[in-house]
Amino acid sequence: MSTPRVWTPGDTIAAPLELYTCVVEPEWVDYNNHMTEAAYLTAFGWGSDALFTYIGDNDAYRAAGHSFYTAETHIVYERECYGGDPLKVDTLVLDVDHKRLHLHHTMYHGTTGTRLSTTEQMLVHVDMNLGKACEILPDVKRALDAIFDVHRHAPRPDDVGRVMKIRRK
């Protein structure tokens, strides 16, 4: 797992952010030695956690009763990966407002660079004590706004807004 970085004003922000790397753990593989469906989401979840650390949503932030909750996730599985494979998860902030965060992760094989999977997620900022959505606190919002100011100009991934349905010919 990579060492978490923390955003500070004036930082140069990459588009996308490269905040998380890992290795496919033995418990993440099935009887075919392929990474399971759930493990892709686990790796993407750790990628989100790396973003949270970067923006200041840390243990103290959560202890004060604030966090982001995932409201919706779309995962596209493109390629298989196997036990022991290195992974890299890149993150693009697609949009942010006072209560919501729309992001996109892309998972690559850490050695070959092959794109393995993507996920698009909508998260809601929550006051955990009240159990309802609330405004993102100023320091975290400032970090997200700085990231989005850069990411809004990045090429939009082709699978953003993808609709799942059977297309009839």
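1. Surface. In this predicted model, the accessible surface of the protein chain amounts to about 9600 Å². Carbon and sulfur atoms contribute 52% of that area. Of the 169 residues in the chain, 41% are buried.

2. Overall dimensions. Along the principal axes, the C-alpha atoms occupy a box of roughly 45 × 45 × 35 Å.

3. Secondary structure and compactness. Three helices and six strands make up the secondary-structure elements of the protein chain, and their order along the sequence is β-α-α-β-β-β-β-β-α. The radius of gyration is 16 Å, close to the 15 Å given by the globule rule for 169 residues, so the chain is as compact as a globular protein of that length.

4. Contacts. Among contacts in the protein chain with a separation of 6 or more, 69% join residues that are 24 or more positions apart.

5. Charge distribution. The protein chain carries 17 positive and 24 negative side chains. The centres of these two sets are 9 Å apart. A search of the whole structure yields ten salt bridges, several of which merit individual comment below.

6. The Lys 88–Glu 18 pair. A salt bridge joins the side chains of Lys 88 and Glu 18, with an N to O distance of 4.0 Å. This pair connects distant parts of the chain: Lys 88 belongs to strand 3 (residues 86-96) and Glu 18 to strand 1 (residues 17-23), at a separation of 70 residues. The cut-off for a salt bridge is 4 Å, a point to keep in mind when reading the 4.0 Å listed for this pair.

7. The Lys 88–Asp 90 pair and the network. Lys 88 also meets Asp 90 in a salt bridge, here with an N to O distance of 3.0 Å. Glu 18, Lys 88 and Asp 90 are thereby linked in a network of salt bridges.

8. Accessibility within the network. Which member of the network is buried, with a relative accessible area of 6%? That residue is Asp 90; its value places it in the buried class because the class covers everything under 20%. Lys 88, by contrast, is partly exposed at 25%. Glu 18 is likewise partly exposed, with a relative accessible area of 48%; this value does not reach the exposed class because that class requires over 50%.

9. The Arg 100–Asp 97 pair. Arg 100 and Asp 97 form a further salt bridge, in which the closest N and O atoms lie 2.3 Å apart. Arg 100 has a relative accessibility of 45% and therefore counts as partly exposed.

Notes: Residues are numbered from 1 along each chain as its sequence is written. This is a predicted model: local features need pLDDT of at least 70, side-chain atom pairs count only at pLDDT 80 or more; totals for chains, interfaces and linings use all residues. Side-chain values use heavy atoms; hydrogens and water are left out. Helices (H or I, at least four residues) and strands (E, at least two) are DSSP runs, numbered from the N terminus. Buried means under 20% relative accessible area, exposed over 50%, partly exposed in between (1.4 Å probe, protein chains only). The radius of gyration is taken over C-alpha atoms; the globule rule is 2.2 Å times the number of residues to the power 0.38. Contact means heavy atoms within 4.5 Å. Accessible areas come from the Shrake-Rupley method with a 1.4 Å probe; for residues, only the protein chains shown count as cover. Lys and Arg count as positive and Asp and Glu as negative; His and the chain ends are not counted. The place of a charge is taken as NZ of Lys, CZ of Arg, CG of Asp or CD of Glu.
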